[in-house]
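Here are some friendly notes to read alongside the model. Please keep the viewer open as you go through the points.

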Amino acid sequence: MKRLKTLPIHPGDSVVVLTGAGISAESGIPTFREKGGLWEKYDAYKLATPEGFKTDPLRVWQFYSERREAIQKCEPNAAHQALVSLESYMAKKGEFLLVTQNVDALHQRAGSKNILEIHGNIFRTRCSNPDCEGWYQPFEDTDLHMDEVPKCKICGAPLRPDVVWFGEPIDPMLEFRVQQALRSCDYFIAIGTSGTVYPAAGYVQTAGDAGARTVLINAEAPHNIAFFKEFYQGPATKILPALLGLD
Ligand SMILES: [Zn+2]
């Protein structure tokens with residue numbers, strides 16, 4: 001591979017990174033929405049909507065339990081590790097925020113600290129009843145619920161995976177923090193996401209308007225490069241360490 005010119009990131013800079021399914025796919029995790037992803041095999045309406053959960057919560061839990069099991073067999077890769085190195089390089093002086101659309105917690109396992117999981121985390125569970133005081137108190141849960149729907153200890157309603165389903169909004173508090181970081185960042189780096197659909201498309205625009213250098217790393221060339229100033233095509237496990245001068 002041709003040696004890439006590294007990004008001149010200084011420890012005092014402000015960096016926002018957005019990661020999507022592509023970075024997890026390089027760890028062997030099947031994607032959801034992409035071509036060849038899980039939603040081509042499974043019915044997303046039945047498994048990833050509040051309505052589907054209401055109709056058959058056990059089927060939903062079986063699906064997410066299988067996902068938990070599959071993800072636990074995978075390991076963070078060189079791109080996850082590169083983001084940990086970048087965060088520790090910038091520690092104390094600069095600002096580093098990792099926004100991820102992935103629910104697999106591989107960034108945490110790699111050792112990243114300042115993470116916003118805008119689509120939730122598959123290893124967390126919470127009450128499904130919005131009237132319950134436990135409704136927005138997700139807790140860590142790595143159990144597999146294959147035979148029985150777990151119930152809330154406070155109100156008895158079915159518990160659900162703490163992931164954002166179709167038709168559900170991103171937590172406005174998280175979105176606010178993302179927007180705040182985007183408006184003052186020097187670099188916006190999107191990895192493993194098409195870059196042309198929401199939220200990446202909106203994020204790059206905000207960061208670009210704020211004068212940030214905007215970089216996209218993705219396996220496939222987007223139909224429309226949108227507002228990114230730079231695009232690197234190929235595996236993030238190769239490109240990211242090279243761009244950060246870690247290879
Ligand atoms: Zn409850």
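1. Is α10 mostly covered or mostly uncovered? This is a predicted model, and in it α10 is mostly covered, with six of its eight residues buried. The buried ones are A236, I239, L240, P241, A242 and L243. Should you want the reasoning behind the spacing, an α-helix has 3.6 residues a turn, so residues three or four places apart point the same way.

2. What do the buried residues of α10 pack against? Their partners are helix α6 together with the strands β7 (187-191), β8 (213-218) and β9 (230-233). Just beyond the helix, α10 is followed by G245, and the phi of G245 is positive, near 75 degrees.

3. The pair of α6 (residues 78-90) and α10 (residues 236-243) deserves a look of its own: the two axes come within 7 Å and cross at roughly 25 degrees. Angles under 35 degrees count as roughly parallel, so α6 is roughly parallel to α10. The crossing of these two helices is left-handed.

4. Which residues make up this helix contact? From α6 come A78, A79, A82 and L83, and they meet A236, T237, L240 and P241 of α10. By class, the residues of the contact divide into seven nonpolar, one polar and no charged. A236, L240 and P241, which take part in the contact, are also among the buried residues of α10.

5. Now to the sheet. Six strands form an open sheet in the order β3-β2-β1-β7-β8-β9, and the pairing is parallel. At the edges are β3 (115-117) and β9, each of which pairs on one side only. From one strand to the next, the twist averages 15 degrees.

6. Within that sheet, β7 and β8 pair in the parallel sense over five bridges. If you would like a spot to check this in the viewer, I191 stands opposite I217 in β8. Helix α6 packs on the sheet, where it touches β1 (14-19), β2 (95-100) and β7, and its direction makes about 155 degrees with that of β2. Thus β7 is touched by α6 and is also packed against by buried residues of α10.

7. A second set of pairings centres on β4 (residues 120-127). This strand is mostly covered, as seven of its eight residues are buried. Five bridges join β4 to β6 (residues 159-163), and the two run antiparallel. With β5 (residues 139-140), β4 pairs over two bridges, again in the antiparallel sense.

8. Which residues stand opposite T125? In β6 the residue opposite T125 is P161, while in β5 it is F139. T125 is therefore a handy place to centre the view, and as general background, strands of a sheet pair through backbone hydrogen bonds, either parallel or antiparallel.

9. Finally, please look at H10, which lies in the segment before β1. Because its relative accessibility is 49%, H10 counts as partly exposed. Leaving aside neighbours within four places in sequence, H10 is in contact with Y89 and M90. Q205 is 195 residues from H10 along the chain, and the C-alpha atoms of the two are separated by 23 Å.

Conventions. Residues numbered from 1 in each chain as written. Predicted model: local features only at pLDDT ≥ 70, side-chain atom pairs only at ≥ 80, totals over all residues. Heavy atoms only, no water. Axes fitted to C-alpha atoms, helices over the stretch in contact; angles between N-to-C directions. Helix = DSSP H or I, 4+ residues; strand = E, 2+ residues; numbered from the N terminus. Parallel < 35°, antiparallel > 145°, perpendicular 65-115°, else oblique. Left-handed = near helix turned anticlockwise from the far one by under 90°. Contact = heavy atoms within 4.5 Å. Nonpolar A, V, L, I, M, F, W, Y, C, P; charged D, E, K, R; others polar. Buried < 20%, exposed > 50% of the residue type's maximum accessible area, 1.4 Å probe, protein only. Pairing = 2+ DSSP bridges.
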